Amino acid sequence: MSKIRHEWYQTEREVVVSVFIRNVKEQDLKVDLQPRALSLTVSLPTGSDVVFDIDPLAHDIDVEASSHRVLQPKIELKLVKKQGGIKWTKLEGEDESLVKMAEPTPQADTRHAYPSSSRKQHNWDAIVKQSAEEDDELAKEFSKDPNAGGDSALNEMFQKLYADATEDQRRAMIKSYQESNGTSLSTNWEEVSKGEVETSPPESMVAKKWGV
C-alpha cells in the first residue's frame, strides 16, 4: 500500500477513502478505479508525478457508481460496495470474511457526551445544511492527525466512534461538537438536528467567549 497518509471508514453502502495530498487541482489529478483496485496520479509543476494506489482492494466495488472529490486538504473517494451490507475488515488485500454490518436499533439511546450533555435545545425554523468543505474541516476533529492535540486516549475513542458511525451519526457528531464548543458529542442526529447544541462546561467552569 502507498505510504501517502490516508484514512478510511465505511457505511453499509460505501467505503470512503481520504488521501491527504494538499492543494491538488482537478485538472492535475487522474483517478483510475477498477473493480478491485484504485490509483491516483497527481501531476506536479516540476514534471514529476505523485502516485497513490491500492491493489487489490479487500472486496469488489461498483466502479460506475463510485466517485471522488478534491478538497483543499485531501482527495476523497467514495467507493460503492459491490456487495452492500458487508463489513470490510481491511482496505487492502484478501478479506475472506463476509460479516454483515449491524443495523442500528431505533430504540437505542446512542448519545455520547464529554464532559456533559445538555437536554435543553433551541428550536430553529430550519437547519442550514453545511457545505461539504465545512463538513470536511470539522471532521478533522475526529481525524488521526497527530498534531490535532488533546488527550490521546480521548482522541482515539473519537476516531473509532467516528469511523464506525453511519452518515447521520457522523453529521450529529460534527454538529454537536462544533456548536457546543467541544463540550458535547452526540451520535443521535434525530435529536441534534432539532436545534442548536448548547455549550455545556463542567459544573465548576463557566463558558466564556474570547475577549469577554
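## A buried loop residue, a three-stranded sheet and two cores

At 3% relative accessibility, A165 counts as buried, because buried means under 20% relative accessible area. The model is a predicted one. A165 sits in the loop that links α2 (152-163) to α3 (167-179). Setting aside neighbours within four places in sequence, the contacts of A165 are Q10, R170 and M173. Y9 is 156 residues from A165 in sequence, yet the C-alpha atoms of A165 and Y9 are 8.5 Å apart.

**The chain as a whole**

Four helices and nine strands make up the elements of the protein chain. Read from the N terminus, their order is β-β-β-β-β-β-β-β-α-α-α-α-β. The chain has 212 residues, of which 36% count as buried. Its exposed surface is about 13400 Å², with 49% supplied by carbon and sulfur atoms. Among contacts with a separation of 6 or more, 56% are between residues 24 or more positions apart.

**The sheet**

Three strands form an open sheet in the order β3-β4-β5, and their pairing is antiparallel. β3 and β5 stand at the edges with a single partner strand each, so one side of each has no neighbour in the sheet. From one strand to the next, the twist averages 10°. β4 and β5 run antiparallel and are joined by six bridges. In this pair, L40 stands opposite F52 of β5.

The residue ranges of the three strands are as follows.

| Strand | Residues |
|---|---|
| β3 | 29-34 |
| β4 | 37-43 |
| β5 | 49-54 |

**The cores**

In soluble globular proteins, nonpolar side chains tend to be buried together. The largest nonpolar core here has 21 residues, and V19, L57 and L79 touch the most other members. At least two residues of this core come from each of β2 (14-19), β3, β4, β5 and β7 (75-81). Beyond its neighbours within four places in sequence, V19 is in contact with I4, R5, H6, L40, F52, K74, I75 and L77. Two of these contacts, L40 and F52, are the residues that stand opposite each other in the sheet.

Apart from the largest core lies another, of seven residues. Its members include Y162, A165, I174 and Y177. The loop residue A165, with 3% relative accessibility, thus belongs to this second core.

How values were computed: Residues are numbered from 1 along each chain as its sequence is written. This is a predicted model: local features need pLDDT of at least 70, side-chain atom pairs count only at pLDDT 80 or more; totals for chains, interfaces and linings use all residues. Side-chain values use heavy atoms; hydrogens and water are left out. Two strands pair if DSSP finds at least two bridges between them. Axes are lines fitted to C-alpha atoms, for helices over the stretch in contact, and angles run from 0 to 180 degrees between N-to-C directions. A nonpolar core is a set of buried Ala, Val, Leu, Ile, Met, Phe, Trp, Tyr and Cys residues joined through side-chain atoms within 4.5 Å. Buried means under 20% relative accessible area, exposed over 50%, partly exposed in between (1.4 Å probe, protein chains only). Contact means heavy atoms within 4.5 Å. Accessible areas come from the Shrake-Rupley method with a 1.4 Å probe; for residues, only the protein chains shown count as cover.
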